Each structure stands twice: as C-alpha cells, then as structure tokens.
Amino acid sequence: MPDSPKDLPGRLLPRSFFEHSPELVAPRLLGKLLVALTGRVGAPLAGRIVEVEAYLGPHNDPPDPAAHTHRGPTPRNEVLFGPAGHAYVYAIYGRYFCMNISCEIEGRAGCVLLRALEPVSGRAKMAANRGLLPDATPSALTSGPSRLCQALGLTRKVHNRLDVTCATSRLQVRDDGCPVFEALVTVRIGIKHAVDWPLRFTLPDHKCVSGARNLTGTRLVLK
DNA sequence: ACTCGGATTCTCT
DNA sequence: GAGAATCCGAGTA
C-alpha cells in the first residue's frame, strides 16, 4: 500500500527559481521551507531557511576558490553541473553532512549551502534525530549546516541528487508566502579561501542563525 | 597506493 | 578559545 498523498505547506518552487547565479538565488531562498518526507506515513519534517551561503561555479571570473567545483567536475560534485534544483549532499569531517541546492542552467555549476533553518514541523522528531530531548531549543536543532542535516535525517546516500522541485520527491523546497523584506549579507563561515567574499545571507537577528552572528555586514533589500 | 585536509560540532577549560 | 573526533574525496606518484 503506497503512502497516501501528503498535504504539504505552501507551493513547490519551480526549477526556474534556481536557474540563476547562486548569489541571486541564495537571498531569495530565505524564508522558504525545506521539507523532508520520512518515507513512512506521518508528518514531514519542515524548516524555514534562515541562513544560506552562495558558492560560485568555475565559469565565474574570478572563479570561486572556496567552491567544490573550483577545479571542474568530479564524481562527488557532478550533480552541480547538471540541471538546477537538485540536492548536493556531501560528507564532511567523517561524521557530518552538508546540504546544498544546485543553481544555474545545465552545464554551469553553482550552488547554495543551507546553513540554518527555523524548525516548523516535526520538532520532536528533529530532536530525536539530533539525540536531544524533545524540549530542545529551535536553535539547538537546526542552527548549523550539519545540524540541520541531522535534524531532518539528510544523508548523501538517500538525498544526494534529489530534485527539490518535484512534487513526489522526498526533499522539496516550498514557498508558504512568508514575507522577507531584507537580508543581512556577510562573509562566509569556516572556509580558507576567498574569506572576504560577501556571499552569506541571513535573516537579520533571527534566533536560529548559526555561530558567527556578530559578523559585520550590509543590508540587502529584497523585492 | 599514499597523503592531506576539510562549507563541523561537541566537549572541555 | 582550543582540541578531538573521524572518514573519504581529491591530488600527487
């Protein structure tokens, strides 16, 4: 017996949403929902995107030395050179995962790293996935690129390459109309190259934004 | 085949 | 604020 159709919040974002440069797509993703279906019958896990980073493809001048695609396609980053709107999930430090969404038109690479979410539904399940008590703070659940993967149960084996613009996908990005007027722009976190490129975007003063909240930045007005 | 280091997190001090 | 945990992808040979 297949799962009954799930009633997911908001509407699916179209692929065209992602067919632009990462620095354009990244701030537009703020306020959108990342929805992960568990595969079993039950409520999906959902979080609102509150912090992202753009990583630019090698066609840019100058190329982004911090991007995994810096030296061209490899077996690991191949999905980033394909069509936009697909998940790029990779393993880091032997124990964690990070989740990105591919951007640009097919043939050009680029992606947006999801760095923090605000839990929207399935908080108890997220806490269990993180090994925390059900009353854990929202920030403890999904504030950080690998924390959010753990909370939503995202792994490379299951979620890499998934199309986040597909209604039958286990991983989707949806728009529930939550208004976002402004983003804070800062440098990216935890990288060794291009450390001064302003490609990190956050919802200003949001409690679930990860770590370096005290970075100086500029305001970006979104239309 | 072998080395190196990483888009992190947690646990100390 | 520092150090450990811990594995695999990528680069070099």
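This briefing covers the surface around DNA strand C and two pockets. The model is predicted: local features need pLDDT of at least 70, side-chain atom pairs count only at pLDDT 80 or more, and totals for chains, interfaces and linings use all residues. Residues are numbered from 1 along each chain as written, chains are lettered from A, and side-chain values use heavy atoms without hydrogens or water.

**DNA strand C**
- Arg71, Thr74, Pro75, Arg76, Tyr93, Gly94, Arg95 and Arg156 surround DNA strand C (near: a heavy atom within 4 Å).
- Of the strand C atoms within 4 Å of the protein, 74% belong to sugar and phosphate.
- A polar side-chain atom of Arg71 sits 3.4 Å from a phosphate oxygen of the strand.
- The side chain of Arg76 places an N or O atom 3.1 Å from a sugar or linking oxygen of strand C.
- Tyr93 uses a backbone N or O atom, 2.7 Å from a base oxygen of strand C.
- Four charged, two polar and two nonpolar residues make up this surface.

**Largest pocket**
- This pocket holds about 520 Å³ of space.
- Its lining has 23 residues; Tyr90, Ile92, Tyr93, Cys98 and Gly190 lie nearest the centre.
- A pocket is an open set of points on a 1 Å grid over the protein atoms alone, where a 1.4 Å probe fits, with protein on both sides within 12 Å along at least five of seven lines; lining residues have an atom within 4 Å of a point.
- The lining counts 15 nonpolar, five polar and three charged residues.

**Second largest pocket**
- About 270 Å³ of space lies here.
- Among its 15 lining residues, Leu24, Pro27, Arg28, Leu222 and Lys223 are closest to the centre.
- Nine lining residues are nonpolar, five charged and one polar.

Terms used:
A polar contact is a pair of N or O atoms within 3.5 Å; within protein, one must be able to donate a hydrogen and the other to accept it, and residues adjacent in sequence count only if both atoms are side-chain atoms. Ala, Val, Leu, Ile, Met, Phe, Trp, Tyr, Cys and Pro count as nonpolar, Asp, Glu, Lys and Arg as charged, and the others, Gly among them, as polar. Grid points are joined across faces, edges and corners, and a volume is the space filled by probe spheres set on the points.
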